[in-house]
Amino acid sequence: MEKLSSILAHALLDSEAEVITFVPTSGATQVFDALNELGGNRYMVSFNEEPAITISHGASIVGKRSAALIKSHGLAKGANSIVDALAVDLTAGMVVVIFEDKSGSHSDSIFDVGALLEGLKIPYCVPKKEELYREIMQSFVRSETFGIPVAVWVDSDDLAAELPYTPASIPAPSGHYERNIVKHAASPFLTQHQYHVSQVKRSTLDEQWRSIPHPVLPHMP
């Protein structure tokens, strides 16, 4: 039996996430400590959610699975980076793990995390304790299928629970990075196209978004 914080850390490592960013907060800190214990003290602390999410996003663009561990209030701070990450394509999965402090015992205030997630229109799941390991891994798969980040919403109070750990694996990312301004650059020239693509990604259960024609870019003499 292991604490759920360690099982979550195992899920990230077993998913072969190569870049994991972290902003200190209740819940995320326990997972971060478990990651460094299991992974050999190779993970660093970030001091703001926006760059933490952006670093993870950049890694997933170029083909490395990534995760960002943040608190619910940090989601609000990093919302700008989430919006950009939803607009451009990923080559490897990106999972944003959001730790909620439901009682407000470690936060300045309590707010409706679900309303913000719905407003951002990021795909997310709220797994039961016994399903968290599997949902972390499947979120990487979903992220790679649709080329956008996926959020996993965790109750920080659950992380002390003890559950059995059974290792599993998922296939390696099948995509590969090729420099493509239309797919990877957030620009006023591309906003309408990228918004349309992101809408299709989030409203269908297949990968038809991959066949949407690219816009003609302006000629630069």
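## Starting from a loop: Glu16 and its surroundings

Let us begin at Glu16, which sits in the loop between H1 and E2. Those labels name helices (H or I in DSSP, runs of at least four residues) and strands (E, at least two), numbered from the N terminus. Before we go on, please note that this is a predicted model, in which local features need pLDDT of at least 70, side-chain atom pairs count only at pLDDT 80 or more, and totals for chains, interfaces and linings use all residues. Residues are numbered from 1 along each chain as its sequence is written, and side-chain values use heavy atoms, with hydrogens and water left out.

Glu16 comes just after H1 and has a positive phi of about 65°, found here in a residue other than glycine. Because its relative accessible area is 54%, Glu16 counts as exposed; the scale runs from buried (under 20% relative accessible area) through partly exposed to exposed (over 50%), with a 1.4 Å probe and protein chains only. Just before it, helix H1 (residues 4-14) is mostly covered, with nine of its eleven residues buried. Among those buried residues are Leu4, Ile7, Leu8 and Leu12. Lys121 also has a positive phi near 65° without being a glycine. You will find Lys121 in the loop between helix H6 (113-120) and E5, and its relative accessibility of 47% is why it is called partly exposed.

Now step back and look at the whole chain. The protein chain contains nine helices and seven strands. Along the principal axes, its C-alpha atoms fill a box of roughly 60 × 40 × 30 Å. For 221 residues, a compact globule would have a radius of gyration near 17 Å, and the protein chain agrees, because its own value is 17 Å; this radius is taken over C-alpha atoms, and the globule rule is 2.2 Å times the number of residues to the power 0.38. Of the 221 residues in the protein chain, 48% are buried. Contacts (heavy atoms within 4.5 Å) often bring together residues from distant places in the sequence: of those between residues at least 6 apart, 78% join residues at least 24 apart.

Next, find the sheet. Five strands form an open sheet in the order E2-E3-E4-E6-E5, with parallel pairing. The edges are taken by strand E2 (19-22) and strand E5 (124-125), and each has a single partner strand, so one side of each is left without a neighbour in the sheet. Helix H2 (residues 28-39) packs on this sheet, touching E2, strand E3 (66-71) and E4, and its direction makes about 140° with that of E2. Helix H7 (residues 132-146) lies across E3, E4, E5 and E6, and runs at about 165° to E6. Such angles run from 0 to 180 degrees between N-to-C directions, with axes fitted to C-alpha atoms, for helices over the stretch in contact.

Strand E4 deserves a closer look. Two strands pair if DSSP finds at least two bridges between them, and E4 (residues 94-100) is joined to E6 by six bridges, the two running parallel. Here Val96 stands opposite Ala151 in E6, and Val97 stands opposite Val152. E3 and E4 also pair in the parallel sense over six bridges, with Lys71 standing opposite Phe99 in E4. Seven of the seven residues of E4 are buried, so this strand is largely enclosed by the rest of the structure. Both of its faces are covered: Met94, Val96, Ile98 and Glu100 are buried on one side, and Val95, Val97 and Phe99 on the other.

Let us finish with two serines in loops. Ser156 lies in the loop between strand E6 (150-155) and strand E7 (162-163). With a relative accessible area of 9%, Ser156 is buried. Setting aside residues up to four places away in sequence, Ser156 touches Ser26, Gly27, Phe99 and Glu100. The second serine, Ser46, is found in the loop between H2 and helix H3 (49-61). Ser46 is buried too, with a relative accessible area of 13%. Beyond its neighbours within four places in sequence, Ser46 is in contact with Thr21, Phe22, Val23, Pro24 and Ala52. Ser46 and Leu35 are eleven residues apart along the chain, and their C-alpha atoms are separated by 15 Å.
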